[in-house]
Amino acid sequence: MIPGGGQPNMQQLLQQAQKMQQDLQRAQEELAQTEVEGQAGGGLVKATVTGAGELRALKIDPKAVDPEDTETLADLVIAAVQAANENAQNLQQQKLGPLAQGMGGGSGIPGLPF
């Protein structure tokens, strides 16, 4: 035992780490349930992903469908999914960023995209 009460400090650190881990887990669960949208072509194609980046829905306006030009439609789909994933990453930063900073910075923490 360290003179001056070193043991209670270790206990306090462990409790703080456990609380931060619980907060992080809650935030990750919330991200998995939260949906964000991205769009392309002025809204002709819309993609919905979870805050964790899982594609949940894809809506294509019939005006975007041209049998003679499927490449443009494919590009719009890709752009909409990318926009949705960017929105999901922004949401992750908002939800997990403060928790990662509390753990000593975002770099080097497994499972976090930042």
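**A three-stranded sheet**

Q: Which residue stands opposite valine 45?
A: In this predicted model, valine 45 stands opposite isoleucine 60, a residue of β3.

Q: How do β2 and β3 pair, and over how many bridges?
A: The two strands, β2 and β3, are antiparallel and are joined over 5 bridges.

Q: What lies between them?
A: There are 4 residues between β2 and β3, which form a hairpin. In its turn, glycine 53 has a positive phi of about 95 degrees.

Q: Turning to the other side of β2, how many bridges link β1 and β2?
A: β1 pairs with β2, residues 45-50, over 6 bridges in the antiparallel sense.

Q: Which residues face each other there?
A: Valine 36 has valine 49 in β2 as its bridge partner, and glycine 38 stands opposite alanine 47 of β2.

Q: And which residue takes a positive phi in the hairpin of β1 and β2?
A: That residue is glycine 41, with a positive phi near 65 degrees. This hairpin has 4 residues between the strands.

Q: What is the strand order in the whole sheet?
A: The order is β1-β2-β3, and these 3 strands make an open sheet with antiparallel pairing. β1 (35-40) and β3 (55-60) are the edge strands, each pairing on one side only. From one strand to the next, the twist averages 15 degrees.

Q: What holds strands of a sheet together in general?
A: Strands pair through backbone hydrogen bonds, in a parallel or an antiparallel manner.

Q: A different topic: is β2 mostly covered or uncovered?
A: β2 is mostly covered, with 5 of its 6 residues buried.

Terms used:
Residues are numbered from 1 along each chain as its sequence is written. This is a predicted model: local features need pLDDT of at least 70, side-chain atom pairs count only at pLDDT 80 or more; totals for chains, interfaces and linings use all residues. Side-chain values use heavy atoms; hydrogens and water are left out. Two strands pair if DSSP finds at least two bridges between them. Axes are lines fitted to C-alpha atoms, for helices over the stretch in contact, and angles run from 0 to 180 degrees between N-to-C directions. Buried means under 20% relative accessible area, exposed over 50%, partly exposed in between (1.4 Å probe, protein chains only).
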